[in-house]
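Let's take a tour of a protein together, going from the big picture down to single peptide bonds. Have a look at the sequence and the model first, then read on.

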Amino acid sequence: MAINDKIEQIMSTLNEFKATKEQDIEELRVKMLGKKGEVTQLFDEFRNVLPEQKKEFGQRLNALKNAVQERIDSLRESLADSAAGSASSFDLTKPGDKMDLGARHPISITREEIISIFKKFGYSVAEGPEIEDDWHVFGALNFPPEHPARDMQDTFFVCPGGDNPVLLRTHTSSVQVRTMEKMPLPIRVICPGRVFRNEAISARAHCIFHQVEGLYIDKNVSFADLKQAILLFAQEMFGPETKIRLRPSYFPFTEPSAEVDVSCNICHGKGCNICKGTGWLEILGCGMVDPNVLEANGIDSKEYTGFAFGMGIERIAMLKWQVKDLRHYFENDVRFLKEFETVI
Ligand code: PHE
């Protein structure tokens with residue numbers, strides 16, 4: 001039989017072939033592609049083809065071999081489909097696959113906990129835009145014009161240049177400015193939100209993170225009030241035995257300023273690798289609102305005083321659950337998130 005006729009015969013066998021079980025398909029495979037299979041034999045006969053016809057036949061044979069393989073694959077697929085179909089139509093009472101429930105993200109859990117603590121102290125929540133202008137992020141907060149935070153290297157600009165560039169807020173202190181602009185005194189707010197800084201991503205830093213900042217302005221607000229508020233917060237958050245210590249620091253918008261440490265909740269002050277042997281962990285920055293900031297926002301600094309504080313939610317969550325790498329919070333690996341399923 002001529003090779004062309006043989007090819008046609010094989011194609012029609014293929015098209016008409018019906019399989020009811022896997023074994024039928026395997027028999028077809030051996031019959032066509034096995035060592036003595038019909039297609040294999042055609043390849044053997046290829047030797048005898050005239051040289052000028054070799055190219056055309058070669059192409060036809062390869063196409064044939066592919067067609068056979070595709071037919072076998074599709075027969076297998078439809079057999080598997082109908083097996084699955086008939087299995088499910090057999091037992092409709094079978095219980096369904098268990099659905100995995102989502103859990104709250106550790107950053108949300110921590111944010112809600114911080115908010116609920118300050119709400120108990122009488123603070124209300126204020127929110128503001130993530131895309132801000134220079135005035136609300138820096139100008140109204142007493143940042144001098146040449147301050148490095150105003151540099152491209154530290155801050156992401158949306159529209160740089162001009163008198164009041166547009167940028168991504170680097171802290172939620174901008175919401176405190178917006179609150180001072182529109183809220184009657186006294187003010188007692190916390191400002192949770194996402195902030196952005198032009199930092200290289202590592203285990204301890206990220207270009208996006210979350211903060212809760214707080215502001216309290218009234219007559220006769222003192223540094224003692226600030227210290228008491230922070231102590232109560234720390235004890236609610238990390239346990240009633242928690243102690244705090246304040247170290248002098250500097251922020252353009254507060255004077256005096258301090259950084260606050262809490263006693264290490266792992267070793268209780270003895271020194272461990274979480275607190276690097278010091279017994280203390282830094283949790284936030286704070287201070288008395290600088291009179292320049294009050295005046296810039298239309299508040300009489302002779303009559304009113306206030307305090308402000310700000311903390312990173314990732315940092316608080318890291319200390320609470322001993323998470324060693326900040327990047328876990330952003331990767332959303334389900335194995336990590338599942339560890340918080342049972343929290344709240
Ligand atoms: N805004 C400061 C920061 O982002 C934190 C802070 C807020 C410090 C209020 C003092 C008072 O780092």
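Which element gives the largest share of the lining of the largest pocket? That would be strand β9, with seven residues. Before we go further, keep in mind that this is a predicted model.

## Two domains

Let's start with the overall layout. The domain assignment splits the chain into domain 1, covering residues 3–86, and domain 2, covering residues 106–340. If you take the centres of domain 1 and domain 2 over their C-alpha atoms, they are 71 Å apart.

## The largest pocket

Now back to the pocket we opened with. The largest pocket holds about 1400 Å³ of space. It has 49 lining residues, and those closest to its centre are R197, F209, E282, G312 and R315. Several elements give two or more residues each to this lining: the helices α7 and α10 (313–321), plus the strands β6 (208–218), β8 (254–263), β9 (280–289) and β10 (305–312).

What about the chemistry of the walls? Sorted by class, the lining of the largest pocket has 22 nonpolar residues, 16 polar ones and 11 charged ones.

## Around the ligand

There's a ligand in this model too. It has 13 residues around it, and the ones that come nearest are H171, S173, R197, Q211 and E213. You've met R197 already, as one of the residues closest to the centre of the largest pocket.

How far is the side chain of E213 from a nitrogen atom of the ligand? An N or O atom in that side chain is 2.8 Å away from the ligand nitrogen. H171 also pairs with a nitrogen atom of the ligand, with a polar side-chain atom at 3.0 Å. R197 faces an oxygen atom of the ligand instead, and an N or O atom in the R197 side chain lies 2.9 Å from that oxygen. On its own, the ligand has 330 Å² of accessible area, and the protein covers 89% of that.

## A closed cavity

Besides the pocket, a search of the whole structure turns up one cavity of 30 Å³ or more. The volume of this largest cavity is about 50 Å³. Its lining is made up of L141, S173, Q176, M180, L215, F253, V289, V293 and A308. Did you spot S173 in that list? S173 is also one of the residues that come nearest to the ligand.

Helix α7 (residues 173–182) gives the largest share of the cavity lining, with three residues. As for class, the lining of the largest cavity has seven nonpolar residues, two polar ones and no charged ones.

## Backbone details

Finally, zoom in on the backbone. Where do cis peptide bonds turn up? One joins L185 and P186, with omega at about -5°. P186 sits in the loop between α7 and β5 (187–196). Another cis peptide bond joins E255 and P256, again with omega at about -5°, and P256 is part of strand β8.

One last stop is N220. This residue isn't a glycine, yet its phi has a positive value, near 65°. You'll find N220 in the loop between β6 and α8 (223–238).

Methods: Residues are numbered from 1 along each chain as its sequence is written. This is a predicted model: local features need pLDDT of at least 70, side-chain atom pairs count only at pLDDT 80 or more; totals for chains, interfaces and linings use all residues. Side-chain values use heavy atoms; hydrogens and water are left out. Domain bounds come from an automatic or database domain assignment. On a 1 Å grid over the protein atoms alone, a cavity is a set of points where a 1.4 Å probe fits but cannot get out, and a pocket is an open set with protein on both sides within 12 Å along at least five of seven lines; lining residues have an atom within 4 Å of a point. Grid points are joined across faces, edges and corners, and a volume is the space filled by probe spheres set on the points. Helices (H or I, at least four residues) and strands (E, at least two) are DSSP runs, numbered from the N terminus. Ala, Val, Leu, Ile, Met, Phe, Trp, Tyr, Cys and Pro count as nonpolar, Asp, Glu, Lys and Arg as charged, and the others, Gly among them, as polar. A residue is near a molecule or strand if one of its heavy atoms lies within 4 Å of it. A polar contact is a pair of N or O atoms within 3.5 Å; within protein, one must be able to donate a hydrogen and the other to accept it, and residues adjacent in sequence count only if both atoms are side-chain atoms. Accessible areas come from the Shrake-Rupley method with a 1.4 Å probe; for residues, only the protein chains shown count as cover.
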